[in-house]
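Got a protein model open and not sure where to start? Let's walk through it together, one step at a time.

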Amino acid sequence: MRLTFIGATHEVTGSCFYLEAAGKKFLVDCGMEQGPDQYENQELPVSMADIDFVLLTHAHIDHSGNLPLAYAKGFRGNIYATDATCDLCEIMLRDSAHIQMFEAEWRNRKGRRSGKEEFVPAYTLEDANGVIKQFVSCPYSRILTLEDGIRVRYNDAGHLLGSSSIEVWIEEEGEERKLVFSGDIGNLDQPLIKDPTYLTEADYVIMESTYGDRDHEVRTDYITQLVEILERTFARGGNVVVPSFAVGRTQEMLYFLRKIKADGLVKGYPGFEVFVDSPLAVQATNIFKEHYHDCYDQEAMDLIMKGINPISFPGLKLAITSDESRDINFDERPKVILSASGMCDAGRIKHHLKHNLWRPESTILFVGYQAIGTLGRALVEGAAEVKLFGEEVQVQAEITRLPGISGHADRAGLMRWAASFQKKPRKVFVVHGDDKVCEIFAKKLADELQYDTMAPFSGTVYDLLADQAVKETVGIPIRKAQIGGQTVKAGGVYARLIAAGQRLMAVIRHNEGGTNKDLARFADQINSLCDKWDR
Ligand SMILES: [Zn+2]
Ligand SMILES: [Zn+2]
């Protein structure tokens, strides 16, 4: 019974854990690494075709985004996830495939001009469509027997529609171990979705630590703040542009805007229009509407019982086609535009920024975290000029943000979640946090709750029956890989080639002492391979 850490180790993205237990090989999450990346993720020790199934905590791409890649590599097993996660993955994995293909096309267009080699997308729409068929929906809160000796229960994690913490019971050699994978743990009192479930029993906990070193800013009353922003922008004759993640944050904003409109809080412009300009956001909004029964909290259910859709209202316009998107900017009446992506780096939001950034009467309202290096971050930090579509654009619009909005529990929330275990777990593995944050939070759990903790790096293997590490690794910083004592730059597929080279050296060492005939044959084969590629 072994647990191997693959991704989201000393990093926030690329969540992936590999288990060999009860005669099966399976993954918990199969996420894509996103944004600046610090350490190399170790390759899975088995081929994807040999993976029996995947347990998926939630639909965010940093947890689900490599599933189409798994399909491309031959994975054909079931993917167990909650109902809402299955539905969200259907649209999000297709969208992710589009992004991969679009980026490859763009790079190749540029690359062809400079004679670069063809860039192959990580996966295609066919891969996404293929893997979508492998999803099996699981209800919340019920213990399900998946295989002999493997039972699971999905609990609402309060982080995103359909998000879960997964309890896994494994029986092997007459002994049982219970694992809890926290998934991403939600914030309290989020619109629409429930609060996180507090679990009380586990032998091993694999816990996220995104905000393990800090607390959220004090929450202000979002409705009052939003009303003020809308009133002063509309009075200037401008638009409020909200760069917002298509899935989750957009629906939260609709929830606030519905209430503002229903209560007539914006004086002088009661009938203002709200545009959701993102095909993905429109699809996601429909999925939210379908999952009220299994996912909404009491407050949202109370509205549903009164016949009110909590994320819809008169004056809401959904733009799907690019013509509809373009028309938004021809309409001069003040309005709200919600558009993806949340950090402004892609999608239709860039067009809306182009049309509004230079206008002192408009407002750009940020409602989430802006990562370093993104256009959104530059704007929040007060850039006077930014580049859009190769053009310099003056920033004259009001730039503001709603503080404290987050889908993640903060330090206090994580501690509350961790403290809910009645008996101390054998071990708490701290993952899904920045390099130092994993360490800081692991220490906090040890100091304050006297937990035995570990912040593993990718490649660490833990024996769950013996309760000890079989292999402990240190992080290999990305873009640097050792080959023949030399440090070379590596990234993506090239890193894979270097790993293959390292394997070759290991195989050569294993053959030391072999017969002369075998060694000569091996050497000849390596030389002919080198002749083929050394061009
Ligand atoms: Zn997430
Ligand atoms: Zn995550």
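We'll go from the domains to the core, and then to a pair of helices.

Keep in mind that this is a predicted model. Start with the big divisions: the domain assignment of the protein gives domain 1 (2-215 + 407-471), domain 2 (222-401) and domain 3 (480-533). Notice that domain 1 is written as two stretches of sequence, 2-215 and 407-471. Now look at domain 1 and domain 2 side by side. Their C-alpha centres lie 30 Å apart, and 19 residues of domain 1 are in contact with 21 residues of domain 2.

Next, head for the inside. In soluble globular proteins, nonpolar side chains tend to be buried together. Here, the largest nonpolar core has 128 residues, and F17 and L88 have the most contacts inside it. Helix α3 (residues 83-113) gives the most to this core, with eight residues. The core also takes in at least three residues from each of domain 1 and domain 2.

Let's zoom in on L88. Which residues is L88 in contact with, leaving aside its neighbours within four places in sequence? You'll find A59, L161, G162, V247, A284 and I287.

One of those, A284, turns up again in our last stop, where helices α6 and α7 meet. The axes of α6 (residues 249-262) and α7 (residues 279-290) come within 9 Å and cross at roughly 70°, which means α6 is roughly perpendicular to α7. This crossing of α6 and α7 is right-handed. On the α6 side you have T250, Q251 and L254, and they meet A281, A284, T285 and F288 in α7.

Definitions and conventions. Residues are numbered from 1 along each chain as its sequence is written. Chains are lettered from A and ligands numbered from 1 in the order in which they are written. This is a predicted model: local features need pLDDT of at least 70, side-chain atom pairs count only at pLDDT 80 or more; totals for chains, interfaces and linings use all residues. A nonpolar core is a set of buried Ala, Val, Leu, Ile, Met, Phe, Trp, Tyr and Cys residues joined through C-beta atoms within 7 Å. A residue is buried if 20 or more other C-beta atoms lie within 10 Å of its own, exposed if 12 or fewer, and partly exposed in between; C-beta atoms are placed from the backbone. Helices (H or I, at least four residues) and strands (E, at least two) are DSSP runs, numbered from the N terminus. Domain bounds come from an automatic or database domain assignment. Two residues are in contact if their C-beta atoms, placed from the backbone, lie within 7 Å. Axes are lines fitted to C-alpha atoms, for helices over the stretch in contact, and angles run from 0 to 180 degrees between N-to-C directions. Angles under 35 degrees count as roughly parallel, over 145 as roughly antiparallel, 65 to 115 as roughly perpendicular and the rest as oblique. A crossing is left-handed if the near helix is turned anticlockwise from the far one by less than a right angle, and right-handed if clockwise.
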